Amino acid sequence: MPVSSSNNSSSKYNVIILGGGAAGLMCAIEAGRRGRSVVVLERNENIGEKIRISGGGRCNFTNVVTDHEHYVSNNPHFCKSALARFTPDDFIALLQKHGIKYHEKKLGQLFCDQGSSEIISMLEKECADAGVEIATGCLVSDVRKDQRFIVTTSGGELESDSMVIATGGLSIPKLGATDLGYRLAKKFG
């Protein structure tokens, strides 16, 4: 279970995040910035596999006309709140901090000039700066909750106060997508 950065030598964390894609990494960055000990568990050998292929490899990282009305939710106020707290401009500022050049295509879609690997590297650097550990090639075989979450992995058992399931969907199985997130959501009701 390779780890790209380390701030916690034990197997106990404040937060365990299942999934090293865009959502999991952004969540990890924020939790780490808030002083939580965080580990991201990714079953693939590399993080960000969907990021890597998005936009034909150029990574369509945001859209300048992002609005809550473009999302379907049982709670429409959630989308309003989430989009108000982290806007496309916030992500663009992060790209600018890392010197990543981008361009706009049709309908306000923003793409990297050089390619998606820039976004992956940026997210990995932000995780490292926030003290987040990333474990790749890590298979999760069981998750249970007693007082804390206990996650059984190919590298041993990990414990945490909180767990985030950011495993994505089954849209592209050849990238390593599984139904783990669905099974865990069902298991925990």
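Let me start with one bridge: Thr62 has Leu110 as its bridge partner in strand 5. Before going on, a caution that this is a predicted model.

That bridge belongs to the pairing of strand 3 with strand 5, residues 109-112, which is antiparallel and runs over three bridges. The two strands sit in an open sheet of three strands, in the order 3-5-4, and the pairing is antiparallel. Strand 3 and strand 4 are at the edges with a single partner strand each, so each has one side without a neighbour in the sheet. On average, and ignoring direction, neighbouring strands here are turned by 30° against each other. Across strand 3, strand 4 and strand 5 lies helix 4, residues 88-97, and this helix runs at about 140° to strand 3.

Now the aromatic residues. How many aromatic pairs does a search of the whole structure find? The count is four. Take Phe61 and Tyr102. Their ring centres are 5.7 Å apart and their planes stand at 90°; pairs over 60 degrees count as edge-to-face, so this pair is edge-to-face. Phe61 is in strand 3, residues 60-63, while Tyr102 is in strand 4, residues 102-104, so the pair ties together parts 41 residues apart in sequence. Are these two residues buried or exposed? Phe61 counts as buried, with a relative accessibility of 14%. Tyr102, at 28%, is partly exposed.

A second pair is Phe149 with Phe188. The ring centres of Phe149 and Phe188 lie 6.0 Å apart with planes at 70°, so this is an edge-to-face pair as well. Phe149 belongs to strand 8, residues 149-153, and Phe188 to the segment after helix 6, which spans 180-187, so the pair links parts 39 residues apart in sequence. Phe149 is buried at 13% relative accessibility, whereas Phe188 is partly exposed at 38%.

Back to Phe61 for a moment: together with Phe86, Phe91 and Tyr102, Phe61 forms one aromatic cluster.

Two lysines also sit over rings. Lys105 lies over the face of Phe111, 4.7 Å from the ring centre. Lys145 has its charged end over the ring of Phe149, at 5.3 Å from the centre.

Next, the interior. Which residues have the most contacts inside the largest nonpolar core? They are Phe61, Ile119, Met122 and Val132, in a core of 28 residues. At least two residues of this core come from each of strand 1 (12-18), helix 1 (22-33), strand 2 (38-41), helix 4, strand 5 and helix 5 (117-129). Helix 5 gives the largest share, five residues. As for Ile119, leaving aside residues up to four places away in sequence, this residue touches Ile51, Cys59, Phe61, Phe91, Leu95, Ile100 and Cys112. There is also a second, separate core of 15 residues, including Ile16, Val39, Phe149 and Leu184.

Phe149 brings us to the last item, strand 7 and strand 8. Strand 7, residues 140-145, runs antiparallel to strand 8, and five bridges join them. The connection between the two is a hairpin through three residues. Within the pairing, Arg144 stands opposite Ile150 of strand 8.

To recap two residues: Phe61 is among those with the most contacts in the largest nonpolar core and is part of the aromatic cluster. Phe149 is in the second core and has the charged end of Lys145 over its ring.

Key:
Residues are numbered from 1 along each chain as its sequence is written. This is a predicted model: local features need pLDDT of at least 70, side-chain atom pairs count only at pLDDT 80 or more; totals for chains, interfaces and linings use all residues. Side-chain values use heavy atoms; hydrogens and water are left out. Rings of Phe, Tyr and Trp (its six-membered ring) pair if their centres lie within 6.5 Å; planes under 30 degrees apart count as stacked, over 60 as edge-to-face and the rest as tilted. Helices (H or I, at least four residues) and strands (E, at least two) are DSSP runs, numbered from the N terminus. Buried means under 20% relative accessible area, exposed over 50%, partly exposed in between (1.4 Å probe, protein chains only). A charge sits over a ring if NZ of Lys or CZ of Arg is within 6 Å of the ring centre and within 35 degrees of the ring normal. Two strands pair if DSSP finds at least two bridges between them. Axes are lines fitted to C-alpha atoms, for helices over the stretch in contact, and angles run from 0 to 180 degrees between N-to-C directions. Contact means heavy atoms within 4.5 Å. A nonpolar core is a set of buried Ala, Val, Leu, Ile, Met, Phe, Trp, Tyr and Cys residues joined through side-chain atoms within 4.5 Å.
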